[in-house]
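Q: Please take a close look at one helix pair in this protein. I would like to know how the two helices pack and which residues meet.

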Amino acid sequence: MASLFAPFDLGPIKLRNRVVMPPMTRTRTTEGDLPTDGDLPNAMVATYYEQRASTGLIISEANDIDQSSHGYARIPGIHSEAQIKAWRPVTERVHAKGGTIFMQLWHVGRLAHSSLLPNGQAPVSSTDQQAVGSEVFAHGPDGRLRFMAADKPRALGTGEVTAMVATFAKAAANARKAGFDGVEIHAANGYLIEQFMNSALNTRTDQYGGSTLENRTRFLMEIVDAVVAEFGPGRVGVRLSPFGKYGSMPNDPLTEETFLYVVEQLGRRGAAYVHLLYELLPDGNMESATFEARHLDHAMLAKARASFPGAFIWCGGFADRETAQASLDTGLVDLIAFGRPYIANPDLVERLEKGWPLAVADRSVYYTRNGELGFIDFPTYAEETAACNAA
Ligand SMILES: Cc1cc2nc3c(=O)[nH]c(=O)nc-3n(C[C@H](O)[C@H](O)[C@H](O)COP(=O)(O)O)c2cc1C
């Protein structure tokens, strides 16, 4: 079986190894001059990704495709000229180091607060059911940022859903202009696309309605077709989290059926990869203290594998070389993503390859306004040992 450190052909792109840095929102953006500019990546963000360029594939933090997707404060986007311009130095610096970088595109749907949306409008979704129990980082009544309950959404009209497909395509075209090698469509973790795919949540009766498989996956498939048309086949990945509970997702008795159908359809439509949340946490909270592994069923994954000609990425709970390699050796997966380990280890690939110890980031630095602190100030192992030797 192939080594974690062997190159991999992802469609037309040659990855230097099979290690992936998955999307991680880090809230280190700068506000644009105009409200319509949205939040922008800055020089710190470029340094952060450049430091991690030895990764086979970097997938950027989630980006708003539209102002109506701005569910959380300090999230970058790709709907304005200012954002295209601000992302360009990031991709240039990763490329200069020989790296590959995709942009994650998202629409948060009902996981949003009206204080961040244009004109204080309600969040939009497949449904008008509120994500009870979910919080987003938004402005409180005193104008200060804090965690606030996600607001009650408004169900999008049929024409609005179709228009949203075009908005995704425009965002993909913008990502291409900004120099990204491809895009990942965020169809996981209870955000807008999953709000359509979940048969328990989606009670619509139109062509995007929940009662049939084709209808509840139509929104995703139309987006994939439109984005592949913009970017070309082999440059569009899709993130899925079957059985995930994040974002107050209700139990869906049809999850497996939907998942297998979606993967098979994505293969037909030229998707480059399926990025799976392989290890799920019981309460759906990525930062849960009571971490208990629950892996996706291998029999189900084998069926998905057989129907999809592209690559599979698994993410969730990987923290060492041995477990990652053992997963590759199952033959069910091609690439392994390490999320939280990437926060404190810019040279993660080298550390894994050489058996060097991994640094651990404190959770308090995950999302913060503290600028460089806990963001671009983690040394490589070589820098760390040089500093120790000098001391
Ligand atoms: C700080 C932080 C930010 C995250 N932001 C995103 C995001 O923007 N998009 C996304 O799909 N997942 C996001 N995730 C989930 C990660 O991509 C990953 O699935 C999760 O951390 C589990 O993998 P791990 O055990 O390797 O950390 C985030 C996770 C963390 C810890």
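A: What follows describes the packing of one helix pair and then sets it in the chain.

The model is predicted. The protein chain contains 11 helices and 18 strands. The pair examined here is helix α3, residues 158-177, and helix α5, residues 213-231. Their axes lie 9 Å apart and form an angle of about 30°. Angles under 35 degrees count as roughly parallel, so α3 is roughly parallel to α5. The crossing of α3 and α5 is right-handed.

On the α3 side, the contact is made by Val-161, Val-165, Ala-166, Phe-168, Ala-169, Ala-172, Ala-173 and Arg-176. On the α5 side, these residues meet Phe-219, Glu-222, Ile-223, Ala-226, Val-227, Glu-230 and Phe-231. By class, the residues of the contact of α3 with α5 comprise 12 nonpolar and three charged, with no polar ones. Arg-176 of α3 is in the contact, as are Glu-222 and Glu-230 of α5.

The shell around the ligand can be described in like terms. There, 22 residues surround the ligand, the closest being Pro-22, Pro-23, Ala-62, Gly-339 and Arg-340. This shell divides into 12 nonpolar, seven polar and three charged residues.

As for the whole chain, the C-alpha trace spans about 65 × 50 × 40 Å along its principal axes. The radius of gyration of the protein chain is 20 Å, which agrees with the value near 21 Å for a compact globule with 391 residues.

Definitions and conventions: Residues are numbered from 1 along each chain as its sequence is written. This is a predicted model: local features need pLDDT of at least 70, side-chain atom pairs count only at pLDDT 80 or more; totals for chains, interfaces and linings use all residues. Axes are lines fitted to C-alpha atoms, for helices over the stretch in contact, and angles run from 0 to 180 degrees between N-to-C directions. Helices (H or I, at least four residues) and strands (E, at least two) are DSSP runs, numbered from the N terminus. Angles under 35 degrees count as roughly parallel, over 145 as roughly antiparallel, 65 to 115 as roughly perpendicular and the rest as oblique. A crossing is left-handed if the near helix is turned anticlockwise from the far one by less than a right angle, and right-handed if clockwise. Two residues are in contact if their C-beta atoms, placed from the backbone, lie within 7 Å. Ala, Val, Leu, Ile, Met, Phe, Trp, Tyr, Cys and Pro count as nonpolar, Asp, Glu, Lys and Arg as charged, and the others, Gly among them, as polar. A residue is near a molecule or strand if its C-beta atom, placed from the backbone, lies within 6 Å of it. The radius of gyration is taken over C-alpha atoms; the globule rule is 2.2 Å times the number of residues to the power 0.38.
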